[in-house]
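Welcome to a short tour, best taken with the viewer open beside you. Please load the model and keep your selection tool ready.

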Amino acid sequence: MKQKIHLRLMVVALSLAAMAAALAPDVKSEARAVDDHYNHLHTLQAEFTELYRGSGIERTESGTLWLKKPGKMRWEYRSPKEKLFVSDGKNVWFYVPDDRQVRKTPAKDIDDLRSPLAFLLGKTKLEKELQGLSLAPDVSPLSPGNAVMRGVPQALADRVSEIVVEVTPTHQLARIVIDEVDGSSTEYRFTGQKEDVQISDDRFRFSPPAGTETVEGDFGP
């Protein structure tokens with residue numbers, strides 16, 4: 001009798017496991033869905049929270065992000081300190097009003113963790129950009145129902161050990177976690193996403209205020 005009960009329990013357990021596997025998102029189809037979603041967009045606006053952890057430091061900043069095809073971006077930080085990271089697709093500026101200094105470098109030379117997001121619209125291909133892309137069931141999503149994936153970025157492999165990407169059921173990026181080889185981690189969370197809204201090119205231009213020193217060359221804010 002006990003053997004029959006154990007057998008039935010085993011059958012039920014195997015059936016449940018098979019159902020769970022069938023319901024689990026497939027990494028390839030999930031990646032393609034994200035690609036399709038963003039490659040059809042021309043603009044994107046979102047609120048962001050940036051969390052940095054490393055060398056005994058923890059820092060949280062927030063603001064608004066604007067992206068426009070092709071390659072334009074504007075990170076406008078409001079809290080806890082105002083600063084600006086903006087690109088017109090050709091040049092990138094990093095400006096902190098309190099410093100009275102702006103750093104400028106060609107977009108093609110920039111080595112910054114934010115810069116790949118400038119090409120999110122129209123050029124997304126997660127499976128190509130992240131080597132070994134796989135599901136990350138060990139990482140808890142911010143919201144139930146979100147899918148979490150991980151991979152290693154080819155372009156930043158010497159600096160970044162892993163990138164974790166969290167995707168909503170509507171195939172929007174909810175979170176990106178960038179783990180660097182030195183043990184530090186930078187996390188971006190996105191909310192209030194507005195797609196294909198009208199964004200003027202003027203938002204991606206920058207003219208240094210009077211009295212501001214311009215320093216040209218590579219930078220890493």
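Start with the whole protein chain: of its 221 residues, 42% count as buried, meaning under 20% relative accessible area with a 1.4 Å probe and protein chains only. About 12500 Å² is exposed, and carbon and sulfur atoms supply 53% of that area (Shrake-Rupley method, 1.4 Å probe). Keep in mind that this is a predicted model, where local features need pLDDT of at least 70 and side-chain atom pairs count only at pLDDT 80 or more, while totals for chains, interfaces and linings use all residues. Residues are numbered from 1 along each chain as its sequence is written, and side-chain values use heavy atoms, with hydrogens and water left out.

Now switch to cartoon view. The chain has four helices and 12 strands (DSSP runs numbered from the N terminus: helices are H or I with at least four residues, strands E with at least two). The 12 strands form an open, mixed sheet in the order 7-8-9-10-11-1-2-3-4-5-6-12, where two strands pair if DSSP finds at least two bridges between them. Strand 7 (130-135) and strand 12 (213-216) are the edges; each has a single partner strand, so one side of each is left without a neighbour in the sheet.

Next, select residues 43-68. Strand 1 (residues 43-54) and strand 2 (residues 57-68) run antiparallel, joined by 12 bridges. Two residues lie between the strands of this hairpin, and serine 55 takes a positive phi near 55°.

Extend the selection to strand 3 (residues 72-79), which runs antiparallel to strand 2 with seven bridges. Three residues separate the two strands in their hairpin, and glycine 71 in the turn has a positive phi of about 70°. Which residues flank glycine 63? Phenylalanine 48 stands opposite glycine 63, and tyrosine 77 in strand 3 is a bridge partner of glycine 63.

Show the side chains here. Phe48, Trp75, Tyr77 and Tyr188 are linked into a cluster by ring pairs (ring centres within 6.5 Å, using the six-membered ring of Trp). Over the ring of tyrosine 77 sits the charged end of lysine 83, 4.7 Å from the ring centre (the criterion is NZ of Lys or CZ of Arg within 6 Å of the centre and within 35 degrees of the ring normal). Arginine 203 likewise places its charged end over the ring of tryptophan 66, 4.2 Å from its centre.

Key: Buried < 20%, exposed > 50% of the residue type's maximum accessible area, 1.4 Å probe, protein only. Phe/Tyr/Trp six-rings, centres within 6.5 Å; stacked < 30°, edge-to-face > 60°.
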